[in-house]
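These are my notebook entries on the spaces inside one protein model and on what lines them. I began with the ligand and then turned to the pockets and cavities.

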Amino acid sequence: MSKDNSQRSLLEDAARRSILYREQSVDRSVAPSADAVARVEELIEPMPATRTPDREVLELLDRVGSPAAMAMTGPRFFGFVIGGSMPVAVASNWLATAWDQNSVMHEVTAATATLERVAMNWMLDLFGLPADSGVAFVTGATVANFTAIAAARSRVYADVGWDVEANGLIGAPPLTIILGEETHPTVFKSLGMLGFGRETAIRVPVDRQGRMDATQLPRIEGPTIVCTQAGNINTGAFDPVADICDAVKPAGAWVHVDGAFGLWATASPRLEHLCAGFQAADSWATDAHKWLNVPYDSGVAFVRDALSLKAAMSVTAAYLMTESDFRNPSDYTPELSRRARGVDVWAVLKSLGREGAAEMVERCCQNAKRFADGLQAAGFEVLNDVVLNQVLVSFGDDAANRKIIADIQKDGTCWCGSTVWQGRSAMRISVCNWSTTEADVDMSLDAILAIAARTV
Ligand SMILES: Cc1ncc(COP(=O)(O)O)c(C=O)c1O
């Protein structure tokens, strides 16, 4: 390696550029300019025949990629429920990436396996879930839902004497899936990937906030999985999971909770009532890359019956050292090889502690309320009960909403997305970035209200 191309100078250069990007993303336009996005085309070329110096690779990436990136990590991106990335999480992620550990087996990567075990125990404690649950560090809530429902599939079939891991679904006894009309699309996708089909579930009606009506659950007969939700992607509303558990668990049904962001409400003494009784369920999915503000990709599945999760996910081979007295990370995840994503989770939980996690979640919810109050005071209709971090606002008809949302995105002060809630078009504001302040909300409100005043 030549001096100019040395590892040290390359990594220092990357750190310098990354720090600059993150500092600038606080004040720059949240959306990149059209010119910057157009310049990404420069990257499209045939496979290079010859080498390019590493410094040039990084320089090109930064020159073209950084200006074209959406400032999702900044404090005024409210487009999706995604959070940002706390500095301690990014820093720990860099270090763990430098370690380059394939976190499959405790025997080989004891440090990262231990960090994951600690992070897992802290989350079980924070969420009030059974301490001996099986836990999987996966890429996101989609895969966390998939993983937990795979464990459910294993257990409810085993209960009727069918080994689904060995025999698959052909010839399997009938199995019923029950979920709410407002279930997140990734649960349907998970059901499709698990061989149940995306369209076969019984859909239970929901109320105006998107909560399942527990009185309308069908009678439970035979193997059954009920998929519930903590935090609706539009309204932030919570299914009555405790009532649902009371209704279906005596008949042997498995209850899964998709808590991609809502499960983090349990971190706050002020908000945990929203999740009261959720601990009675059998499995839970969440995202750390949402409200815990760690970098992508980081989701977590928790399963009360750890053995059913292992039955669905574990793999072994003569060359793998999976026979161990310790917890083997790969016994619980769809992946074999993977990065040590639990390290980022550990770092943020260590940095925040219980107190900091509660404060972060509460601050986001207070800022969501501030948005709702400001919009209502200006005469606009907020379509949801703002119980968490989600605000749905309508400025008028669909055409007005579309124009205002497009203008807000172009203006660059903040970034909000569109949605349709129970037949009505709306703008959706999700507050889950660790760095969003009241001043960011006020600056965003000023921009939103000025644009709306020009349009309606
Ligand atoms: C309730 C719910 N479930 C699942 C998901 C999917 O999460 P991911 O994109 O991390 O896979 C989301 C994403 O916003 C969500 O809000």
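The entries below record what I looked up, site by site.

**Entry 1: the model.** I note at the outset that this is a predicted model.

**Entry 2: the ligand shell.** I looked up which residues surround the ligand and found 13 of them. The closest are T142, I233, D258, D287 and H289. I then sorted this shell by class: six of its residues are polar, four are nonpolar and three are charged.

**Entry 3: polar contacts of the ligand.** I recorded contacts to both backbone and side-chain atoms. A nitrogen atom of the ligand lies 2.6 Å from an N or O atom in the side chain of D258. An oxygen atom of the ligand is 3.2 Å from a polar side-chain atom of K290. On the backbone, a polar atom of A141 is 3.2 Å from an oxygen atom of the ligand. I also looked up the cover given by the protein: the ligand alone exposes 390 Å², and 84% of that is buried by the protein.

**Entry 4: which pocket holds the ligand.** I asked which pocket the ligand takes up. The ligand occupies the second largest pocket.

**Entry 5: the largest pocket.** I found a volume of about 950 Å³ for the largest pocket. Its lining comprises 28 residues, and those nearest the centre are S18, Y21, R22, V90 and W94. Three helices, α1 (7-24), α3 (54-68) and α4 (87-99), each contribute at least two residues to this lining. By class, I recorded 17 nonpolar, eight polar and three charged residues in the lining of the largest pocket.

**Entry 6: the largest cavity.** I then turned to enclosed space and counted two cavities of 30 Å³ or more. The largest cavity has a volume of about 40 Å³. I listed its lining as T183, H184, V187, C227, T228, Q229 and D258. Strand β4 (residues 224-229) gives the most to this lining, with three residues. The lining of the largest cavity holds four polar residues, two nonpolar and one charged. I note that D258 lines this cavity and is also among the residues closest to the ligand.

**Entry 7: the second largest cavity.** I found about 30 Å³ of space in the second largest cavity. M72, F77, F80, I82, G83, G84, S430, C432 and N433 line it. How many charged residues does this lining have? I found no charged residues there, with five nonpolar and four polar residues making up the lining of the second largest cavity.

Conventions:
Residues numbered from 1 in each chain as written. Predicted model: local features only at pLDDT ≥ 70, side-chain atom pairs only at ≥ 80, totals over all residues. Heavy atoms only, no water. Near = heavy atom within 4 Å. Polar contact = N/O pair within 3.5 Å; in protein donor to acceptor, adjacent residues only side chain to side chain. Areas by Shrake-Rupley, 256 points an atom, 1.4 Å probe, with all protein chains shown as cover. 1 Å grid on protein atoms, 1.4 Å probe; cavity = no way out; pocket = protein on both sides within 12 Å on 5 of 7 lines; lining within 4 Å. Sits in = over half its atoms within 2 Å of the grid points. Nonpolar A, V, L, I, M, F, W, Y, C, P; charged D, E, K, R; others polar. Points joined across faces, edges and corners; volume = space filled by probe spheres on them. Helix = DSSP H or I, 4+ residues; strand = E, 2+ residues; numbered from the N terminus.
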